[in-house]
Structures are given as structure tokens and as C-alpha cells.
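Hi,

Here is the structure I said I would pass on. Have a look at it first, and then read my notes below.

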Amino acid sequence: SWVLMSALCLISVTCAATRSSSAATVGLLATALLPSDVHPVVHGVVALSSGTLGMSCTALCIAPLRRGESRWSVRRCLGGLALLLAAGNAALYIHVAYAGGPETLAQPSVQKLATLALLAWMVSTLRGTGSTAKEQR
């Protein structure tokens, strides 16, 4: 998912974004293979590391403006929302898993919202790429 998004970014950031996205994707797979109930410490380290890489990739992809793109475009706003929710999810995870905070519905709720925002950003990026390709013809 991040691999595709980084490939759709501007050339100047594609290389760094592709490396981050590849590592984040591997980390995401490792997180699924190392469930928190069996490997609580390793799961957390892998999830937070790959999440940080994924957030970095998203930031690299939303930072530059595309030709003719507004500073407050839907693509950039959704990417910012995804970043904000992902950071909130990471903070809540750390609070519960490592700081002894109580488990509430907040963390899984924010996690789902972050995922939805990420998917919405990906769709808006793909839609923007389609319109940019039409304009270049």
C-alpha cells in the first residue's frame, strides 16, 4: 500500500518514500505474524517502528505540492488527518502497552479511524494521479 503511494509521489521524494514504504510493509507483515498476546514486547517494537516508517512515508508524499494542486487539497488534508490519527494511535498504544495505562475503547477506535483515513488518502492520491495523467495528454 505505501509502496504504491510512494511510487505516485513526486520524483524528488520517491526514492526515500519507496525505501520507507518497503520497510513499513515488511514491518506490517511482521506485526501480524507476531501477535501481541504471544510476543508483547516484540510486537510493540515492530508495530511502532513500522508505523513510524509508514508515517514518514506519508509525510514525504503529502509535503510537496503537485502541479496545480492547492495547499489545502483533499489529498493533502486526508494525508495530514491520517498522520494525526496514526500519531494518536501510537501515543495511545505506548500509554497502554508500556506506561501501564488502562485499556479503553479509545485506542482501537483511533486505530480504526487512522486506517480509514489512510485508505481515504490513498484513494484521493490515486484519483489525483488519474486527473493529472489526463491533463498531461
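Of the 137 residues in the protein chain, 32% are buried (buried is under 20% relative accessible area, exposed is over 50%, partly exposed is in between, with a 1.4 Å probe and protein chains only). Do keep in mind that this is a predicted model, where local features need pLDDT of at least 70 and side-chain atom pairs count only at pLDDT 80 or more, while totals for chains, interfaces and linings use all residues. Residues are numbered from 1 along each chain as its sequence is written, and side-chain values use heavy atoms, with hydrogens and water left out.

The chain has 5 helices and 0 strands, so from the N terminus you just read α-α-α-α-α (helices are DSSP runs of H or I with at least four residues, strands are runs of E with at least two, and numbering starts at the N terminus). As for contacts between residues at least 6 apart in sequence, 59% join residues at least 24 apart (a contact means heavy atoms within 4.5 Å).

Now for the pocket. The largest one has a volume of about 990 Å³. The search runs on a 1 Å grid over the protein atoms alone, and a pocket is an open set of points where a 1.4 Å probe fits, with protein on both sides within 12 Å along at least five of seven lines; lining residues have an atom within 4 Å of a point. Points are joined across faces, edges and corners, and the volume is the space filled by probe spheres set on them.

Which residues are closest to the centre of the largest pocket? Out of 33 lining residues, they are A47, N89, Y93, Q107 and Q111. Two or more lining residues come from each of α2 (11–33), α3 (40–62), α4 and α5 (106–136), and α3 gives the most, with 11. By class, the lining has 18 nonpolar, 14 polar and 1 charged residues (Ala, Val, Leu, Ile, Met, Phe, Trp, Tyr, Cys and Pro count as nonpolar, Asp, Glu, Lys and Arg as charged, and the others, Gly among them, as polar).

N89 deserves a click. It belongs to helix α4 (residues 74–97) and counts as buried because its relative accessibility is 16%. Its side chain makes a polar contact with that of Q107 at 2.8 Å (a polar contact is a pair of N or O atoms within 3.5 Å; within protein, one must be able to donate a hydrogen and the other to accept it, and residues adjacent in sequence count only if both atoms are side-chain atoms). Leaving aside residues up to four places away in sequence, N89 touches Q107, V110 and Q111.

Two others in helix α4 are worth finding. L85 is one of them, buried at 18%; beyond four places in sequence, L85 touches V110, L113, A114 and A117. The C-alpha atoms of L85 and L118 are 9.2 Å apart, with their positions 33 residues apart along the chain. R75 is also in α4 and is buried at 6%. A polar atom of the R75 side chain lies 2.9 Å from the backbone oxygen of C61, and the residues that R75 touches beyond four places include W121, S124 and T125.

Finally, the cysteines: there are 0 disulfides (a disulfide is a pair of cysteine sulfur atoms within 2.5 Å). C57 is in none, and the nearest cysteine sulfur, that of C61, is 4.3 Å away. C57 is buried at 0%, whereas C77 is partly exposed at 36%.

Cheers
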